[in-house]
Amino acid sequence: GTDYAARGSLVHAVLAEMLREGLEKSTDELAARFHELVEQHLSRRIHETDLQRALTRIEQQLLTLWGDAFARQQTEYAEQLHEAWPGGVSALAPEIPFGSLPDADATGDVASPPLVFGAEDNTVQVRGRIDRVDTGFAGGRRVFNVIDYKTGSPPRANQTELETGRSIQLALYALAVRRLGIASPDSIDYQIGYWCLSATGFKR
């Protein structure tokens, strides 16, 4: 059957590579690069049966559609952001780590310190990895967007979910960027949201 965890890892790897290369491309160029990277990743899979080969072909067809969708979503998002941030838009390196991550040795990441809550003996240290942070200027201030990619249905994210502690991922990431100075010491959060590739893209 479908390995949803593997699908998520593959898509995150593809999007991270595209972010490193730069997303200032046409919609067609973005889609073509997404397709190319997906094909590279899928070609490394070892198939022992015809069923596995068939599942990989189906996976590639699905991810091709997602690549087309992401290209359109990214183009629309960039147009809106350039209008809101006339001073220019840039993106930090993808997959930003903070705190001590279990896979740090394998990836070679140098993480920022953990996000700390509480004082003295009653502290809680939070670690994580932020998919994407875009930065720019709005209203004379340095600002940033925090984005978390989702390959499935995104969690419900609203004020009630946040206050009751049921959906705190995005808020924690925004706090980490602000308190740890990941974007810049004086920057403030502009938007936070999930980017669902199988739906409508970035949702604030």
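# A tour from the sheet to the pockets

Begin by selecting residues 132-138 and residues 141-150, which are strand 6 and strand 7, two antiparallel neighbours joined by seven bridges. Keep in mind throughout that the model is predicted.

With both strands still selected, look at the connection, where strand 6 and strand 7 form a hairpin with two residues between them. Gly139, which sits in that turn, has a positive phi of about 60°. Two pairs can then be picked out along the hairpin: Phe137 has Arg142 of strand 7 as its bridge partner, and Asp134 stands opposite Asn145, again in strand 7.

Now keep strand 7 alone and colour it by accessibility. Is this strand enclosed or open to the outside? Eight of its ten residues are buried, so strand 7 is largely enclosed by the rest of the structure.

Add strand 8 (188-196) to the selection. Here the pairing is in the parallel sense, and strand 7 and strand 8 are linked over eight bridges. To find your place along this pair, show Tyr149 together with Trp195 of strand 8, which stand opposite each other.

Next, widen the view to the whole sheet, an open arrangement of five strands in the order 1-6-7-8-9 with mixed pairing. The edges are held by strand 1 (89-91) and strand 9, each of which has a single partner strand, so that one side of each is left without a neighbour in the sheet. If you look along the sheet, neighbouring strands are turned by 30° against each other on average, when direction is ignored. As background to these pairings, strands of a sheet pair through backbone hydrogen bonds, either parallel or antiparallel.

Select helix 6 (169-179) next, and follow how helix 6 lies across strand 6, strand 7 and strand 8, running at about 140° to strand 7.

Helix 6 also leads to the largest pocket, since it is among the elements that give two or more residues to the lining, along with helix 5 (159-163), strand 8 and strand 9 (201-203). About 380 Å³ of space lies in this pocket. To centre the view there, select Arg156, Ala157, Asn158, Leu170 and Tyr194, which lie nearest the centre among the 22 residues of the lining. Which element gives the most to this lining? Strand 8 does, with four residues. Colouring the lining by residue class shows eleven nonpolar, seven polar and four charged residues.

Move then to the second largest pocket, which holds about 280 Å³ of space. Of the 14 residues that line this second pocket, Gly1, Asp3, Arg45, Leu55 and Thr56 lie nearest its centre and make a convenient selection. Helix 1 (4-21) and helix 3 (50-84) each supply at least two residues of the lining, and helix 3 gives the most, with six. By class, the lining of the second largest pocket divides into five nonpolar, five polar and four charged residues.

Finish in helix 1 by selecting Glu17, which counts as partly exposed at 29% relative accessibility. For a last distance, draw a line from the C-alpha atom of Glu17 to that of Phe117: these two residues are 100 residues apart along the chain, and their C-alpha atoms are separated by 33 Å.

Technical notes: Residues are numbered from 1 along each chain as its sequence is written. This is a predicted model: local features need pLDDT of at least 70, side-chain atom pairs count only at pLDDT 80 or more; totals for chains, interfaces and linings use all residues. Side-chain values use heavy atoms; hydrogens and water are left out. On a 1 Å grid over the protein atoms alone, a cavity is a set of points where a 1.4 Å probe fits but cannot get out, and a pocket is an open set with protein on both sides within 12 Å along at least five of seven lines; lining residues have an atom within 4 Å of a point. Grid points are joined across faces, edges and corners, and a volume is the space filled by probe spheres set on the points. Ala, Val, Leu, Ile, Met, Phe, Trp, Tyr, Cys and Pro count as nonpolar, Asp, Glu, Lys and Arg as charged, and the others, Gly among them, as polar. Two strands pair if DSSP finds at least two bridges between them. Axes are lines fitted to C-alpha atoms, for helices over the stretch in contact, and angles run from 0 to 180 degrees between N-to-C directions. Contact means heavy atoms within 4.5 Å. Buried means under 20% relative accessible area, exposed over 50%, partly exposed in between (1.4 Å probe, protein chains only).
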